[in-house]
Amino acid sequence: MPEPDLSKPSALAQIPRGVWALGLVSMFMDISSEMIHALLPLYLVGALGASVAVVGLIEGIAEATASMTKVFSGALSDWLGKRKLLAAIGYGLAAFTKPVFPLATSVGWIVAARFIDRIGKGIRGAPRDALVADIAPEHLRGASFGLRQSLDTVGAFIGPLLAIGLMLLLSGDYRMVFWIAVIPAFISFALIVFAVREPELHRDASKPPLRLADAARMNGAFWGVVAIASVLTLARFSEAFLILKALKTGLPVAFAPIIMVVMNIAYFLSSYPAGVISDRIGRNGVLIAGTAVLIVADLLLGLGTGIATALAGVVFWGLHMGLTQGLLSALVADAAPVELRGTAFGIFNLATGVVLLVASVLAGGLWEAYGPTATFLAGAAFTTVALVGLL
């Protein structure tokens, strides 16, 4: 019997319901998070008086916190043989933290809220990705990660759209928009609790929750994925800088979240096809294409001076994300031993999280000292290094 054609819509029907459920969980949490994050740089700089360098530091600390937490939650999920519990705790923590944003009265409150929110992201991230790998058939692994990433990205562009509409409707009331963002966060939490089931995994009761020896069991292919992802992360700093760049080109503040909408539409449209193609022809070619696209994005954003050029750069940025993010997760799942998938995703996210902290602080410093052109051209240089490594 011939292999099923994964390029056809019927491939979606082959993806297990658990992957769809996890995608919807991600979608609703991203709606909530992006409603807040699309406005947060503007709120920090405009309402609370923070500098761009402080925005870079906050974003870097937040994302690095999430990634560092993932290594422990991923390893713990391997030891327990239970991934859903940790994922639910992570989504619950993020949901219950969301009300802190509208209550915040200073930069310190925002830092605390982002820190706790990202701890929730860190707790859920590696167990959720390992759960997708556990549920998905091997021949649909790229498509499954692509689908989850696509649904996640639907939330990432619906959220900013809602933020724009609500800011116009509510006459720029940041706090009310932040309060409304609490609702989809709790929908996400309810879905992870009631709609997701996980397969039974064997638990080795004699093994401690985290052992340094487990890292030594990862093969060269896994560490290669970590290395390439780290260099790409150094080039792909926080999306907050995309919003700030758009404002520099003259985009009105009320429409600043459109940047995240445009980026995430490109991300959404490319994620699932990239996963399907990688299942059919291999992952490396798709990853090389995605890396080259980031160079184009950085050049457009660094050298362009108008709104149209900035938007084009944002489209290429989103296309890069779609071509690489689900694919990198699939590569981790391909390379890691089954019983250490949670640990593998944890190590992967720890490495990229530490690099993201460095990247966001560096980007903020370059922006303050030399302007946005230097920030994005530095990103293009780092991406070129990653591309050479892949080739």
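Asp134 forms a salt bridge with Arg341 in this predicted model, and the closest N and O atoms of the pair are 3.3 Å apart. Because Asp134 lies in helix 7 and Arg341 in helix 17 (residues 341-370), the pair ties together parts of the chain that are 207 residues apart in sequence. Asp134 is buried, with a relative accessible area of 17%, and Arg341 is buried as well, at 8%. Asp134 also forms a salt bridge with Arg83, where the closest N and O atoms are 2.6 Å apart. This second pair likewise links distant parts of the chain, since Arg83 sits in the loop between helix 4 and helix 5 (84-97) while Asp134 is in helix 7, 51 residues away. Arg83, like Asp134, is buried.

A further salt bridge joins the side chains of Arg148 and Asp152, with an N to O distance of 3.8 Å. Here both partners lie in helix 8, 4 residues apart, which is about one turn of the helix, and both are buried. Elsewhere, salt bridges that share partners join Arg141, Asp279, Arg283 and Asp334 into one network. The count of salt bridges comes to 9, and the table lists three of the pairs with their N to O distances.

| Pair | N to O distance |
|---|---|
| Arg83 and Asp134 | 2.6 Å |
| Asp134 and Arg341 | 3.3 Å |
| Arg148 and Asp152 | 3.8 Å |

The chain as a whole has 18 helices and 0 strands. Of its 391 residues, buried ones make up 58%. Among contacts between residues at least 6 apart in sequence, 85% join residues at least 24 apart. The accessible surface comes to about 14800 Å², and 71% of that area belongs to carbon and sulfur atoms.

Confidence should be kept in view when these features are read. The mean pLDDT of the chain is 81, with 88% of the residues reaching 70 or more. Among the elements of the chain, helix 10 (residues 182-194) has the highest mean pLDDT, 94, whereas helix 11 (residues 212-216) has the lowest, 57. Where pLDDT is low, the predicted coordinates should not be read in detail.

Helix 15 covers residues 284-303, and its 20 residues reach 29 Å from the first C-alpha to the last, close to the 28 Å expected at 1.5 Å a residue. Its buried residues are Val286, Leu287, Gly290, Thr291, Val293, Leu294, Ile295, Ala297, Asp298, Leu301 and Gly302. These buried residues of helix 15 pack against five helices, namely helix 12 (220-235), helix 13 (240-248), helix 14 (258-281), helix 16 (307-335) and helix 18 (372-390).

Another buried site is found in helix 9 (residues 174-180), which contains Phe178. Phe178 has a relative accessible area of 0% and therefore counts as buried, the cut-off being under 20%. Leaving aside residues up to four places away in sequence, Phe178 touches Met35, Ile36, Leu39, Leu40, Tyr43, Phe101 and Pro102. For Leu39, the C-alpha to C-alpha distance to Phe178 is 9.1 Å, although the two residues are 139 apart in sequence.

Ser171 lies in the loop between helix 8 (141-169) and helix 9. Unlike the buried Phe178, Ser171 counts as exposed, at 69% relative accessibility. Its backbone also deserves notice, as phi of Ser171 is near 55 degrees, a positive value in a residue other than glycine. Most residues other than glycine have a negative phi.

On the surface, Leu57, Ile61, Phe115, Ile116 and Val361 form a nonpolar patch with about 380 Å² of accessible area together. The elements that give two or more residues to this patch are helix 4 (52-80) and helix 7 (107-135). Ile61, one of the patch residues, is found in helix 4 and is partly exposed, with a relative accessible area of 34%. Helix 7 thus appears in two settings, because the element that contributes to the patch also carries Asp134, the residue paired with Arg341 of helix 17.

How values were computed. Residues are numbered from 1 along each chain as its sequence is written. This is a predicted model: local features need pLDDT of at least 70, side-chain atom pairs count only at pLDDT 80 or more; totals for chains, interfaces and linings use all residues. Side-chain values use heavy atoms; hydrogens and water are left out. The expected span of a helix is 1.5 Å times one less than its number of residues. Buried means under 20% relative accessible area, exposed over 50%, partly exposed in between (1.4 Å probe, protein chains only). Contact means heavy atoms within 4.5 Å. pLDDT is the predictor's confidence in each residue, from 0 to 100. Patches are made of residues with over 30% relative accessible area and no salt bridge: like charges are joined within 9 Å, nonpolar side chains (Val, Leu, Ile, Met, Phe, Trp, Tyr) within 5 Å. Accessible areas come from the Shrake-Rupley method with a 1.4 Å probe; for residues, only the protein chains shown count as cover. A salt bridge is a side-chain nitrogen of Lys or Arg within 4 Å of a carboxyl oxygen of Asp or Glu.
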